[in-house]
Amino acid sequence: MHKVLIVDDSPTILASMVGILGGAGYITVKAMHAEDALAQVQAGLRPALVITDYHMPGMHGVQLIQELRKLTQTRFTPMLVLTTESQQEKRDEARKAGATGWLVKPVQADKLLQVVKQVAPSLQAIAA
Amino acid sequence: MHTAAPAILKIEMKTLLISGGAGCVIGVLPLILGAAQPVHLVIAAASAVCGGLVTRALQRPAVPLPSAVPLGHQSATAASDEAAWHASQSAASRPAEGAPDVAAQGVARNVAQDLADLEPFFSVTREQLRSIVGQTEGAASAIMASLEALSAAQNRSAVCINDTRERIVGVAEQSDTALHTLARSLGTYLDGRLRETRAERSAVDAAAAQMRGLDTLIVSLEKVGASTRMLALNANIEASRAGIHGAGFKVIARELQDLAQASQTAMAEARLQVTNVQRTIGQVLTIDHGADGTRTEQERLQALMTELDSIAQTTTEVLLGMVRNDFSEIATLTGAVGNEVLSVFGQVQFQDVVRQQIEAIDESNAMLETCLDGFRQSLSGDEPEAPVRPAAILESARSRYVTQIQHRVDAQALGQATAHADAPDIELF
């Protein structure tokens, strides 16, 4: 079953993403920090899409993307950065690390779902 | 912010009093010795006061004040400003030789200037807080609007569902009444048909009983005929015995024998006719029932089936109409509710955005607290343990900006144009 891995240290953002994506029929998996997300993937999780925050305690979002790109199972997985960060340098850093896209918080539900369908067209919703 | 002014005034008054007092003491001695007039006392005091004021003016410290660095050039001049500010603080904190009041005045003046340098930080912080209030108000309004739309959609959905339920109940009741009426009609027909069947059977039974009665009669008549033949035979025998005297009796016997034979033949014919009549009656009853009764039954059943079809068709049409119209509207309203719920899930993200801004202001306030504590130590005559330059507070706050809103509000608070245009909120690489 296709799953979306959501990584953020904010419980509010996690609840928001689960509510939007779950409401649209997608199965979601949560991680409160990058290390936990990386451990889940190394333990066998095969996400069809990764949505990660930038600023997190410990490893930040772009570092997580770099690590996930090294793994065979997530080398080509679409990865979006969802953040409040506004510096162009960090956006460029994410692009170089292999991020698929950059979204600024707060992101509207309909726009997020549009982006998900665009970057992960093979991701299946339960309701579909 | 302006406590240095009253302090300086106190120092000035103190100087006047001390100078005046010294002049009076000097002027009193010649007066006591008689070498001077009282006016000379006044002149001595005034001279002393003037001398004191002149001395004080000449002895004011020339400590350079930290200059306000223009925005956008702080990173380039931060190190040099920091060193100059620390040098000025050190110079102001070291009392000049023989002029502790002058040093205190210098410290106070520096503190006053530093407090004035905090003004940009307060302006920016005030605007950042107003922006946060605006963001929370906007987010709350958006959430309230979504909730109101949710409530309206839910109310319309509830009304639609209630109306549909009532219509379905009405259709069900109508169908139930019609089906009950149909069932009664069918029952009435079946009762009548049963009565007819029973009557026919009674008639058949009666006819059969009558035929059996005829059989019994025929049997009796056959017995009479048999007895008659026996009588004729016996009469013939006796007539033969009687000889010539029985000739007339022999004629009668022969007549009786003929009568018995004819009677037997008639009985056989009657039996055959009765049998034929029975068969005919049965066949006639069957034929009559199959012709008229079947036609009637067919017509009645056809009428009942037609009525049943009508009820089923009406019910189907009404239910299909409900599915097309009412349930379609309910599905639309349900979709609207779902969209509003998704919208609210997205709007609550403002909490994380505002949280980061408040955390940045909280860290700046911690630096402000350290800075003010340094002022307190300076005014107390102590060397600040970890002095924080006022401009550094705003610099530090700016280094922690993450959102475009923070940069924009910062520039607007100081009446400046935004350095960079806002990048798109969504960018796919």
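**Exercise 1. A salt bridge across the interface**

Task: Find the residue of chain A that forms a salt bridge with Glu427(B), and place this pair in the interface.

Solution.
Step 1. Start at Glu427(B) in this predicted model. Its salt-bridge partner is Arg91(A), and the closest N and O atoms are 2.8 Å apart.
Step 2. Apply the cut-off. A salt bridge needs a side-chain nitrogen of Lys or Arg within 4 Å of a carboxyl oxygen of Asp or Glu, so the pair passes.
Step 3. Count across the interface. The rule finds three salt bridges between chain B and chain A. It also finds 14 residue pairs in polar contact there.
Step 4. Ask which elements of chain B supply the touching side. Those giving two or more residues are α7 (326-347), α8 (350-379), α10 (404-413) and β1 (426-428). The largest share, six residues, comes from α8(B).
Step 5. Add the extent. In total, 24 residues of chain B are in contact with 34 residues of chain A. About 2,300 Å² is buried between the chains, with 59% of that from carbon and sulfur atoms.

**Exercise 2. One threonine at the interface**

Task: Is Thr84(A) buried or exposed, and which residues does Thr84(A) touch?

Solution.
Step 1. Locate the residue. Thr84(A) sits in the loop between β4 (79-83) and α4 (88-97) of chain A.
Step 2. Read its accessibility. The value is 3%; buried means under 20%, so Thr84(A) is buried.
Step 3. List the neighbours, leaving out residues up to four places away in sequence. They are Lys105(A), Val353(B), Gln356(B), Val402(B) and Thr403(B).
Step 4. Look for a polar contact. The side chains of Thr84(A) and Gln356(B) make one, at 2.7 Å.

**Exercise 3. Two chains side by side**

Task: Describe how chain A and chain B are built.

Solution.
Step 1. Take chain A. It has five helices and five strands. Along the sequence they run β-α-β-α-β-α-β-α-β-α.
Step 2. Take chain B. It has ten helices and one strand. The pattern is α-α-α-α-α-α-α-α-α-α-β.
Step 3. Look at burial. In chain A, 55% of the 128 residues count as buried. In chain B, buried residues make up 27% of 429.
Step 4. Look at the surface. Chain A exposes about 5,500 Å², with 53% from carbon and sulfur atoms. Chain B exposes about 26,200 Å², with 62% from these atoms.

**Exercise 4. Salt bridges within a chain**

Task: How many salt bridges does a search of the whole structure find, and what does the pair Glu67(A) and Lys70(A) look like?

Solution.
Step 1. Give the total. The search finds 18 salt bridges over all chains.
Step 2. Take Glu67(A) and Lys70(A). Their closest N and O atoms are 3.2 Å apart.
Step 3. Place the pair. Both residues lie in helix α3 (residues 61-70) of chain A, three residues apart, about one turn of the helix.
Step 4. Recall the helix rule. An α-helix has 3.6 residues a turn, so residues three or four places apart point the same way.
Step 5. Check exposure. Glu67(A) is partly exposed at 29%, while Lys70(A) is exposed at 57%.
Step 6. Turn to chain B. Glu222(B) and Arg271(B) meet in a salt bridge at 3.7 Å. Glu222(B) is in helix α5 (residues 119-242) and Arg271(B) is in helix α6, so the pair ties together parts 49 residues apart in sequence.
Step 7. Look for a network. Salt bridges with shared partners join Asp8(A), Asp53(A), Lys105(A), Asp352(B), Arg355(B) and Glu359(B).

**Exercise 5. Inside and outside chain B**

Task: Why is helix α9 (residues 390-399) of chain B called largely enclosed, and which residues form a nonpolar patch on the surface?

Solution.
Step 1. Count burial in α9(B). Seven of its ten residues are buried, so the rest of the structure largely encloses this helix.
Step 2. Name some. Among the buried residues are Pro390(B), Ile393(B), Leu394(B) and Arg398(B).
Step 3. Go to the surface. Ile168(B), Leu319(B), Val323(B) and Phe327(B) form the nonpolar patch, with about 310 Å² of accessible area together.
Step 4. Examine one member. Leu319(B) lies in helix α6 (residues 247-324) of chain B. Leu319(B) is partly exposed, at 37%.

Notes: Residues numbered from 1 in each chain as written. Chains lettered and ligands numbered in written order. Predicted model: local features only at pLDDT ≥ 70, side-chain atom pairs only at ≥ 80, totals over all residues. Heavy atoms only, no water. Patch = residues over 30% accessible without salt bridge, like charges linked within 9 Å, V, L, I, M, F, W, Y side chains within 5 Å. Areas by Shrake-Rupley, 256 points an atom, 1.4 Å probe, with all protein chains shown as cover. Helix = DSSP H or I, 4+ residues; strand = E, 2+ residues; numbered from the N terminus. Buried < 20%, exposed > 50% of the residue type's maximum accessible area, 1.4 Å probe, protein only. Polar contact = N/O pair within 3.5 Å; in protein donor to acceptor, adjacent residues only side chain to side chain. Contact = heavy atoms within 4.5 Å. Buried area = accessible area lost by both parts, 1.4 Å probe.
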